[in-house]
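Student: I have a new structure open and I'm not sure how to read it. Can you walk me through it?

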Amino acid sequence: MLTSNYYLNVAFTAWFFAQVLKTLLTLAVTKEFVWERLVGAGGMPSSHSALVCSLTVAVLKKQGFQSMEFAICLVLAAIVMYDAMGVRRAAGQQAKVLNRIIATMSGNFKVLIEEEMKHHRRFFQGKGQEDAEAVQTNTEATKKAYDENRALLKELLGHSPLEVLGGLILGVAVALLFPA
């Protein structure tokens, strides 16, 4: 056990499983191991949702439905999940738009093509061969422009409703299976 605190053990176990699962899903889709996924926000499943939902269920198991602690955890979980789907997701979408505007205004069209290929590798398989060749012609200059422009705003911040639901299900499952 991490600590002698049952509630912390449940919550951080759910968070850990969510981060590992997120990393493995990213590996399966992109065929690349992305270390940032082990600690980063965004993606499937939501580790924030898993953490707060597992804590809520752990408190429910130990304290009961009528307890003040359960009520506090339930309200906290609702706020965290709402925020992940709303404000944080909108901020990530705005960051993506702003980063594209900056790249376009600075004339780094190759950067946009490279980014699309990176994030939508399956779509570009067998398609867009000219775009792929254009990106390959000057990869170092493109990478430098990408690094200069993309370091401005982080895009993967929030979650889709499905990612939040995934975190909710994972968190509840961990708390139910965790020995009391």
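Tutor: Let's go from the overall fold to the core and then the surface, keeping in mind that this is a predicted model.

Student: How many helices and strands does the protein have?

Tutor: Start by listing the elements. Here there are nine helices and zero strands, so from the N terminus the order reads α-α-α-α-α-α-α-α-α.

Student: What share of the residues is buried?

Tutor: Buried residues have under 20% relative accessible area. In this protein they make up 37% of the 180 residues.

Student: Which residues make up the largest nonpolar core?

Tutor: Look for buried nonpolar residues joined through their side chains. Here the largest such core has eleven residues, including Tyr6, Val10, Val57, Leu170 and Phe178. At least two residues come from each of α1, α2 and α9 (161–177), and α1 gives the most, with four. Tyr6 touches Ala58, Ala175 and Phe178, among others further than four places away in sequence. There is also a second, separate core of seven residues, with Val52, Ala77, Met81 and Ala84 among them.

Student: And the outside: which residues make the nonpolar surface patch of about 440 Å²?

Tutor: Leu24, Leu27, Phe33 and Trp35 make that one. Of these, Phe33 sits in the loop between α1 (6–30) and α2 (47–63).

Student: Why does Phe33 count as partly exposed?

Tutor: Partly exposed covers the range between under 20% and over 50% relative accessible area. Phe33 counts as partly exposed because its value is 40%.

Definitions and conventions. Residues numbered from 1 in each chain as written. Predicted model: local features only at pLDDT ≥ 70, side-chain atom pairs only at ≥ 80, totals over all residues. Heavy atoms only, no water. Patch = residues over 30% accessible without salt bridge, like charges linked within 9 Å, V, L, I, M, F, W, Y side chains within 5 Å. Areas by Shrake-Rupley, 256 points an atom, 1.4 Å probe, with all protein chains shown as cover. Salt bridge = Lys/Arg side-chain N within 4 Å of Asp/Glu carboxyl O. Buried < 20%, exposed > 50% of the residue type's maximum accessible area, 1.4 Å probe, protein only. Core = buried A, V, L, I, M, F, W, Y, C linked by side-chain atoms within 4.5 Å. Contact = heavy atoms within 4.5 Å.
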